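Here's a quick tour in questions and answers. Have a look at the fold below, then read on.

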Amino acid sequence: MIETAFLKTPLGIAKLEGDENGLTSLSILDRDEKPTDIIPEELEDAVYQLKEYFDGSRTQFSLLLNPIGTEFQNKVWKALELIPYGKTVSYLELSKTLGDPNAIRAVASANGKNPLWIIIPCHRVIGSDGSLTGYAGGLHRKKWLLEHENPAKQQSLF
């Protein structure tokens, strides 16, 4: 049985879904939802690790994942997991990594259908010219995530 939990984050309310086979979905809602008081056991580790990520003490997730997608989408999502924290790659670089530089549109489409935001870091994929390009959660969230992961945080001068 799929369990659901809602978690307050700096980006809005996160909705987590999963079962004993792993986390199937993580999304940020554009509506208010009351955070879950009692987290289902199957989602406890994901909630804990997400809290660590947002407080800056976690740079890599170690969770059982079970995203639902096509074989190609799962291949792209596995490649996304290899992008290191604080780094970005272009859609072209990602396509080349997957063995087909002409598959940029298909890779971008699979990237946009990623059901596990943040954990499978689709926000780390940018345009070849360095532009943020599209992001299902909104460019303001992509910008926030990339700044959050930037190892050279802007220091206050005063």
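Q: How much area does the chain expose, and what share of it do carbon and sulfur atoms supply?
A: Keep in mind that this is a predicted model. The chain exposes about 9,100 Å². Of that area, the share from carbon and sulfur atoms is 53%.

Q: What percentage of the residues of the chain count as buried?
A: To count as buried, a residue needs a relative accessible area under 20%. The chain has 158 residues, and the share that passes is 44%.

Q: In what order do the elements of the chain run from the N terminus on?
A: There are five helices and five strands to place. Starting at the N terminus, the order is β-β-β-α-α-β-α-α-β-α.

Q: Why does the chain count as being as compact as a globular protein of its length?
A: For 158 residues, the globule rule gives 15 Å. The chain is close to that, so it is as compact as a globular protein of that length, with a radius of gyration of 16 Å.

Q: How many salt bridges does a search of the whole structure find?
A: One of them joins the side chains of E33 and R31, at 2.5 Å from N to O. Another pairs E17 with K15, at 3.8 Å. The total for the whole structure is eight.

Q: Are K34 and D37 buried or exposed?
A: Their side chains meet in a salt bridge, 2.9 Å from N to O. Exposed means over 50% relative accessible area. Both K34 and D37 come out as exposed.

Conventions. Residues are numbered from 1 along each chain as its sequence is written. This is a predicted model: local features need pLDDT of at least 70, side-chain atom pairs count only at pLDDT 80 or more; totals for chains, interfaces and linings use all residues. Side-chain values use heavy atoms; hydrogens and water are left out. Helices (H or I, at least four residues) and strands (E, at least two) are DSSP runs, numbered from the N terminus. The radius of gyration is taken over C-alpha atoms; the globule rule is 2.2 Å times the number of residues to the power 0.38. Buried means under 20% relative accessible area, exposed over 50%, partly exposed in between (1.4 Å probe, protein chains only). Accessible areas come from the Shrake-Rupley method with a 1.4 Å probe; for residues, only the protein chains shown count as cover. A salt bridge is a side-chain nitrogen of Lys or Arg within 4 Å of a carboxyl oxygen of Asp or Glu.
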